[in-house]
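Let's walk through this model together, starting from one side chain and working outward. Keep the 3D view open and click along as you read.

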Amino acid sequence: VQLVESGGGLVQPGGSLRLSCVGSGFTFSNYRMSWYRQAPGKERELVAAITSGGGSTNYPDSMKGRFTISRDNAKNTVYLQMNNLKPEDTAVYFCNARFRSPFKNYDYWGQGTQVTVSS
C-alpha cells in the first residue's frame, strides 16, 4: 500500500497550491480520503475529508472557505486545492485513506509534503 503526496512547496501569502495524493495497493474507490496537516510543535489536525464516492465533503470550521478537497477515482488520486494561503498554513500535509468495516479497520498514511507560506 502506498500513498504518495506531491505539490507542496514555498508560496507567498495569498498564493495558491494544489496538493495531490496518489494511492496504490488498495481499492482506492472504497476508501474515505482525508488531508491532515501538522505544524512544528502542534498536533496533527484534519484539513478536509471526502467520502469514497466523492459525494460528500467535510471541513472543520477553521478550514472552510479556502480549502477544497476533491477526488478522481479513475486516477486513484485525491486533491487539495488551497487558496489565499497564510503563514499559519505552514505545515506538513498528509494524505490519509480510511476504511471501516464490522470486521476490520484500515488506515493508511502518506509520507507528507511540506507547505511553507512565507514572503
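Start with arginine 71, whose side chain makes a polar contact with the side chain of asparagine 73 at 2.7 Å. (A polar contact here is a pair of N or O atoms within 3.5 Å; within protein, one must be able to donate a hydrogen and the other to accept it, and residues adjacent in sequence count only if both atoms are side-chain atoms.) A polar atom of the arginine 71 side chain also lies 2.8 Å from the backbone oxygen of threonine 51.

Before going further, a word on what you're looking at: this is a predicted model, in which local features need pLDDT of at least 70 and side-chain atom pairs count only at pLDDT 80 or more, while totals for chains, interfaces and linings use all residues. Residues are numbered from 1 along each chain as its sequence is written, and side-chain values use heavy atoms, with hydrogens and water left out.

Back to arginine 71, which has its place in strand β7, residues 67-72. (Strands, E, of at least two residues and helices, H or I, of at least four are DSSP runs, numbered from the N terminus.) Arginine 71 is buried yet has no salt bridge, and the nearest side chain of opposite charge, aspartate 72, is 8.2 Å away. Buried means under 20% relative accessible area, exposed means over 50%, and partly exposed is in between, using a 1.4 Å probe and protein chains only. A salt bridge needs a side-chain nitrogen of Lys or Arg within 4 Å of a carboxyl oxygen of Asp or Glu. For charge, Lys and Arg count as positive and Asp and Glu as negative, with His and the chain ends not counted.

Glutamate 5, in strand β1, tells a similar story with the opposite sign. Glutamate 5 is buried without a salt bridge, and arginine 44, the nearest side chain of opposite charge, is 7.6 Å away. What does lie by the glutamate 5 side chain is backbone: a polar atom of that side chain is 3.1 Å from the nitrogen of glutamine 111 and 2.9 Å from the nitrogen of glycine 112.

So which charged side chains do meet in salt bridges? A search of the whole structure finds 5 salt bridges, and Arg37, Glu45, Arg66 and Asp89 are linked in a network of them. Within that network, glutamate 45 and arginine 37 meet at 2.7 Å, N to O. Glutamate 45 is partly exposed at 34% relative accessibility, whereas arginine 37 is buried at 9%. Arginine 37 also forms a salt bridge with aspartate 89, their closest N and O atoms being 2.9 Å apart. Arginine 37 lies in strand β4 and aspartate 89 in the loop between β8 and β9, so this pair ties together parts that are 52 residues apart in sequence. Both of these partners are buried. Compare aspartate 61 and lysine 64, which form a salt bridge at 3.2 Å and are both exposed.

Now for the strands. Two strands pair if DSSP finds at least two bridges between them. Strand β1 (residues 2-6) runs antiparallel to β3, joined by 5 bridges, and leucine 3 stands opposite glycine 23 in β3. β3 also pairs with β8 (residues 77-82) in the antiparallel sense, over 6 bridges; here valine 22 has threonine 77 as its bridge partner in β8. Methionine 82, also found in β8, is buried with a relative accessible area of 0%. The C-alpha atoms of methionine 82 and serine 16 are separated by 5.4 Å, though these residues are 66 apart along the chain.

Finally, the aromatics. Rings of Phe, Tyr and Trp (its six-membered ring) pair if their centres lie within 6.5 Å; planes under 30 degrees apart count as stacked, over 60 as edge-to-face and the rest as tilted. By this rule the count comes to 7 aromatic pairs. In one of them, tyrosine 31 and phenylalanine 99 have ring centres 5.5 Å apart and planes at 40 degrees, so the pair is tilted. This pair links distant parts of the chain, 68 residues apart: tyrosine 31 is in the loop between β3 (17-24) and β4 (32-38), and phenylalanine 99 is in strand β9, residues 91-100. Tyrosine 31 is buried at 7% relative accessibility, while phenylalanine 99 is partly exposed at 27%. Both belong to one aromatic cluster with Phe26, Phe28, Tyr106 and Tyr108.
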